[in-house]
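Visitor: I should like to take a close look at a single part of this protein. Could you guide me through that part and then set it within the whole?

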Amino acid sequence: MSGTQHGGGDNPVGIDELLDRVRTGYERLGPQEAKAAAEEGALLVDIRYAELRERDGLIPGALIVERNELEWRLDPQGSHRAAEAVGHGLRVVVICNEGYASSLAAESLHRLGLYRATDLVGGFQAWRAAGFPVEV
């Protein structure tokens, strides 16, 4: 047995490299673009945990889905899907607090066939900093 036991894969990557790789698979949106996408019918999905939502507020109209439930709630073929998960062509903009976890989440949605999934660069904090609506 080998002396290295890192759980599979020959060359483990760090999180920064993983994020870089994941983000090359789709076009990320800035706050202006995310707002425009929402106005055109895209589904904004807030994956922040409750404490952050309570502290900082909510984006009006965003679907709240905790990160650990995201795939189950947005899989159009899933038995636990949200009513909004109407098909694989759904435009989804995943929003976390600062735009890191959302990139991994968007990539996971791509694996489920949600080929138009993306995320918000800078996350909720960028949305708020841009002066867009927030419900407290």
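Guide: The account below begins with one strand residue, moves to a loop residue before it in the chain, and ends with the whole model. The model is a predicted one.

Let us begin with Thr118, which is located in strand β4, a strand made of residues 118–119. Is Thr118 buried or exposed? Its relative accessibility is 0%, and because buried means under 20% relative accessible area, Thr118 counts as buried. Which residues surround it, once those up to four places away in sequence are set aside? Thr118 touches Tyr26, Glu27, Arg28 and Leu29. It also touches Arg91, Val92, Val93 and Val94, together with Ala106.

Tyr115 offers a useful second case. This residue lies in the loop that links α5, residues 101–111, to β4. Its relative accessible area is 55%, and since exposed means over 50%, Tyr115 is classed as exposed. Leaving out residues up to four places away in sequence, Tyr115 is in contact with His88, Gly89 and His110. Between the C-alpha atoms of Tyr115 and Ala38 the distance is 17 Å, and these two residues are 77 residues apart along the chain.

We may now turn to the protein as a whole. It contains 6 helices and 4 strands. Read from the N terminus, their order is α-α-β-α-β-α-β-α-β-α. Of the contacts with a separation of 6 or more, 66% are between residues 24 or more positions apart.

The overall dimensions come next. The C-alpha atoms fill a box of roughly 55 × 35 × 25 Å along the principal axes. The radius of gyration is 16 Å; a compact globule of 136 residues would have a value near 14 Å, so the two agree.

Burial and surface can also be described for the entire protein. Buried residues, of which Thr118 is one, make up 43% of the 136 residues. The accessible surface amounts to about 7800 Å², and carbon and sulfur atoms account for 49% of that surface. As for charge, there are 14 positive and 21 negative charges, and their mean positions lie 2 Å apart.

Finally, a word on confidence. The average pLDDT is 94, and 93% of the residues score at least 70. Over residues 1–6, however, the pLDDT is below 50, and this stretch has 1 contact in the model beyond near neighbours in sequence. Where pLDDT is low, predicted coordinates should not be read in detail.

Key. Residues numbered from 1 in each chain as written. Predicted model: local features only at pLDDT ≥ 70, side-chain atom pairs only at ≥ 80, totals over all residues. Heavy atoms only, no water. Helix = DSSP H or I, 4+ residues; strand = E, 2+ residues; numbered from the N terminus. Buried < 20%, exposed > 50% of the residue type's maximum accessible area, 1.4 Å probe, protein only. Contact = heavy atoms within 4.5 Å. Rg over C-alpha atoms; globule rule 2.2 N^0.38 Å. Areas by Shrake-Rupley, 256 points an atom, 1.4 Å probe, with all protein chains shown as cover. Lys, Arg positive; Asp, Glu negative; His and termini not counted. Charge placed at Lys NZ, Arg CZ, Asp CG, Glu CD. pLDDT = per-residue confidence, 0-100.
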